[in-house]
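Reader: I have not seen this structure before. Please take me through it by question and answer.

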Amino acid sequence: MADLANLVDQLSSLTVLEAAELSKLLEEKWGVSAAAPVAAAAPAGAAAAAAPVEEQTEFTVVLKAAGDKKINVIKEIRTITGLGLKEAKDLVEGAPKTVKEGVNKDEAEKIKKVLEEQGASVGIE
């Protein structure tokens with residue numbers, strides 16, 4: 001029983017990356033997926049305490065639709081991305097398209113606000 005308590009202590013001290021690596025090794029060794037046991041253990045709270053959820057720090061701004069003021073949206077896209085007129089027009093007309101990737105939350109919200117003011121439909125992922 002002391003060995004099991006020691007094993008629990010060792011598992012509790014794993015980093016998220018080490019836990020993911022352990023999960024992959026166990027899946028390969030025994031041919032099982034860790035998704036089902038984690039889902040079953042989640043209500044008990046043990047899995048949630050062992051692996052804290054990381055907050056998203058990078059966001060992608062996606063233009064879903066240009067709206068009625070397409071020319072104004074194209075102008076804003078050019079300002080935001082630095083694209084040329086043709087590239088910005090192609091991006092707007094090809095919606096849904098990614099406007100900017102890997103931005104922080106504040107910048108993503110700012111871009112969304114600017115584009116929505118021009119009538120565009122924008123999403124943040």
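Reader: At what angle do α5 and α7 pack, and how far apart are their axes?

Author: This is a predicted model, in which local features need pLDDT of at least 70, side-chain atom pairs count only at pLDDT 80 or more, and totals for chains, interfaces and linings use all residues. Residues are numbered from 1 along each chain as its sequence is written, and side-chain values use heavy atoms, with hydrogens and water left out. Axes are lines fitted to C-alpha atoms, for helices over the stretch in contact, and angles run from 0 to 180 degrees between N-to-C directions. For α5 and α7 the angle is about 160°, and the axes are 9 Å apart.

Reader: Which way do α5 and α7 lie to each other?

Author: Angles under 35 degrees count as roughly parallel, over 145 as roughly antiparallel, 65 to 115 as roughly perpendicular and the rest as oblique. The angle here is about 160°. The two helices α5 and α7 are therefore roughly antiparallel.

Reader: Which residues of α5 and α7 meet?

Author: Contact means heavy atoms within 4.5 Å. On the α5 side the residues are Val73, Glu76, Ile77 and Ile80, and they meet Ile111, Val114 and Leu115 in α7.

Reader: Is Glu76 buried or exposed, or in between?

Author: Glu76 has its place in helix α5. Buried means under 20% relative accessible area, exposed over 50%, and partly exposed in between (1.4 Å probe, protein chains only). Because its relative accessibility is 22%, Glu76 counts as partly exposed.

Reader: What does Glu76 touch beyond its neighbours within four places in sequence?

Author: Glu76 and Ile111 are 35 residues apart in sequence, with 9.0 Å between their C-alpha atoms. With neighbours within four places in sequence left aside, the contacts of Glu76 are Val114, Leu115 and Gln118.

Reader: How do the axes of α5 and α6 cross?

Author: The axes come within 9 Å and cross at roughly 120°. That angle makes α5 oblique to α6. The contact draws on α5 residues including Val73, Ile74 and Ile77, and on α6 residues including Leu85, Ala88 and Val92. A crossing is left-handed if the near helix is turned anticlockwise from the far one by less than a right angle, and right-handed if clockwise; α5 passes α6 in a crossing that is right-handed.

Reader: What pattern do the helices and strands follow along the sequence?

Author: Helices (H or I, at least four residues) and strands (E, at least two) are DSSP runs, numbered from the N terminus. The chain has seven helices and three strands. Read along the sequence, the pattern is α-α-α-α-β-α-α-β-α-β.

Reader: In what order do the strands stand in the sheet?

Author: Two strands pair if DSSP finds at least two bridges between them. Four bridges join β1 (residues 59–65) to β2 (residues 97–103), and the two run antiparallel. β1 also pairs with β3 (residues 121–124) over four bridges, again in the antiparallel sense. The sheet is open, and its order is β2-β1-β3.

Reader: Which strands stand at the edges of the sheet?

Author: The sheet has three strands, in the order β2-β1-β3. Two of them have a single partner strand each, so one side of each is left without a neighbour in the sheet; these are β2 and β3.

Reader: Which residues stand opposite Val62?

Author: In β2, the residue opposite Val62 is Thr98. In β3, the residue opposite Val62 is Gly123.

Reader: Which element gives the largest share of the largest nonpolar core?

Author: A nonpolar core is a set of buried Ala, Val, Leu, Ile, Met, Phe, Trp, Tyr and Cys residues joined through side-chain atoms within 4.5 Å. The largest one has 18 residues, and Val61, Leu63 and Val99 are among those with the most contacts inside it. Two or more residues come from each of β1, α5, α6, β2 and α7. The largest share, four residues, comes from α5.

Reader: How far is Val99 from Ile77, C-alpha to C-alpha?

Author: Val99 lies in strand β2 and counts as buried because its relative accessibility is 8%. Its contacts, leaving aside neighbours within four places in sequence, include Val61, Leu63, Ile77 and Leu115. Val99 and Ile77 are 22 residues apart along the chain, and their C-alpha atoms are separated by 7.4 Å.
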